[in-house]
Amino acid sequence: MVRVAPSILSADFGCLLDEVKRMEDAGADWLHIDVMDGHFVPNITMGPLVVKALSGRVSLFLDVHLMVENPGDFLGDFYEAGAQMLTVHAEACTHLHRVVQSIKEMGCKVGVALNPSTPLNCLEYVLDELDLVLIMSVNPGFGGQEFIYSVLPKIKALAEEKRRRGLSLDIQVDGGINEHTYVHVLKAGAEVLVAGSALFKAPEPSKLITAFKLLPVKEKDV
């Protein structure tokens with residue numbers, strides 16, 4: 001089942017709750033919250049207060065993507081604010097297994113993100129512990145970037161490894177997802193699509209969300 005996670009990085013923060021409710025009404029499943037610290041990535045976005053402001057006011061699953069250095073220092077704050085999934089970058093964790101276990105011990109779902117050039121094999125010894133793997137299809141730090149097609153084999157390889165091991169984790173893809181690229185991503189094996197500009201700038205985001213979710217049905221019928 002495909003789930004759609006609008007990224008609020010592309011929302012109008014002057015009316016953030018209204019923007020989020022617009023996505024909720026359009027059929028979104030998750031809300032992707034991009035946290036950037038200006039160190040791990042060249043941008044600064046939001047912190048736990050934004051998560052807390054949205055928690056309990058929308059029905060969307062709160063998916064918090066920590067693009068920060070030393071993510072282990074911030075896990076408790078985001079979980080207490082209402083995060084339901086905490087995704088950290090493998091590149092930012094000196095002791096990745098320890099961070100993964102810390103998230104699990106809080107009772108939160110745990111994901112690990114990989115930048116476009118980071119190989120899958122860095123997850124070899126934590127893959128069984130994860131609820132989600134996020135494959136970045138742009139270099140993190142800014143919204144509105146173009147999709148990097150060279151990540152498609154990595155998505156496919158992860159999907160094959162998931163089947164081989166019988167894992168229940170979700171495969172999420174973030175970056176440049178729009179009406180042109182989503183087909184390739186889903187065919188490669190993605191299950192959770194993060195889209196920012198394509199959804200928040202769409203006059204009728206429900207049409208795009210419906211298209212995202214209908215592709216597997218169409219493919220099955222062929």
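In this predicted model, T87 stands opposite G111 in β5. T87 belongs to strand β4, residues 85–89, which pairs with β5 in the parallel sense over five bridges. Helix α4, residues 96–106, packs on the sheet here and touches both β4 and β5. The direction of α4 makes about 150° with that of β5.

The pair β4 and β5 is part of an open sheet of eight strands, in the order β1-β8-β7-β6-β5-β4-β3-β2, with parallel pairing. At the edges stand β1 (3–6) and β2 (30–36). Each of these has a single partner strand, so one side of each is left without a neighbour in the sheet. From one strand to the next, the twist averages 25°. Strands of a sheet pair through backbone hydrogen bonds, either parallel or antiparallel.

From β5 the order of the sheet leads to β6 and then β7. Five bridges join β6 to β7, and these two strands run parallel. Within this pairing, V133 stands opposite I171 in β7. Together β6, α5 and β7 make a right-handed β-α-β unit.

The helix of that unit, α5, covers residues 152–165 and has 14 residues. From its first C-alpha to its last α5 reaches 20 Å, close to the 20 Å expected at 1.5 Å a residue. The helix lies across β5, β6 and β7, and runs at about 170° to β7. Which residues of α5 are buried? They are L152, K154, I155, L158, A159, E161 and K162, a list that includes the charged side chains of two lysines and a glutamate. These buried residues pack against β5 (109–114), β6 (132–136) and β7 (170–174), and also against α6 (182–188). Just after α5, G166 takes a positive phi of about 70°.

Strand β7 comes next. Why is β7 described as largely enclosed by the rest of the structure? Five of the five residues of β7 are buried, so the strand is largely enclosed; buried here means under 20% relative accessible area. D170, Q172 and D174 point one way from β7, while I171 and V173 point the other way, and all are buried.

On the other side of β7 in the sheet order is β8. Strand β8, residues 192–195, pairs with β7 in the parallel sense over three bridges. D174 stands opposite V194 in β8. The chain crosses from β7 through α6 to β8, and this β-α-β crossover is right-handed.

Some individual residues remain. The structure holds zero disulfides. C122 is in no disulfide, and the nearest cysteine sulfur, that of C93, is 10 Å away; the cut-off for a disulfide is a pair of cysteine sulfur atoms within 2.5 Å. C122 is partly exposed, with a relative accessible area of 34%. C15 also counts as partly exposed, at 31% relative accessibility.

N70 lies in the loop between β3 (61–67) and α3 (75–81). Its phi is positive, at about 50°, although N70 is not a glycine. Is N70 buried, partly exposed or exposed? At 47% relative accessibility, N70 counts as partly exposed, because exposed requires over 50%.

How values were computed:
Residues are numbered from 1 along each chain as its sequence is written. This is a predicted model: local features need pLDDT of at least 70, side-chain atom pairs count only at pLDDT 80 or more; totals for chains, interfaces and linings use all residues. Side-chain values use heavy atoms; hydrogens and water are left out. Helices (H or I, at least four residues) and strands (E, at least two) are DSSP runs, numbered from the N terminus. The expected span of a helix is 1.5 Å times one less than its number of residues. Buried means under 20% relative accessible area, exposed over 50%, partly exposed in between (1.4 Å probe, protein chains only). Contact means heavy atoms within 4.5 Å. Two strands pair if DSSP finds at least two bridges between them. A crossover is right-handed if, with the strands pointing away from the viewer, the path from the first strand over the helix to the second runs clockwise. Axes are lines fitted to C-alpha atoms, for helices over the stretch in contact, and angles run from 0 to 180 degrees between N-to-C directions.
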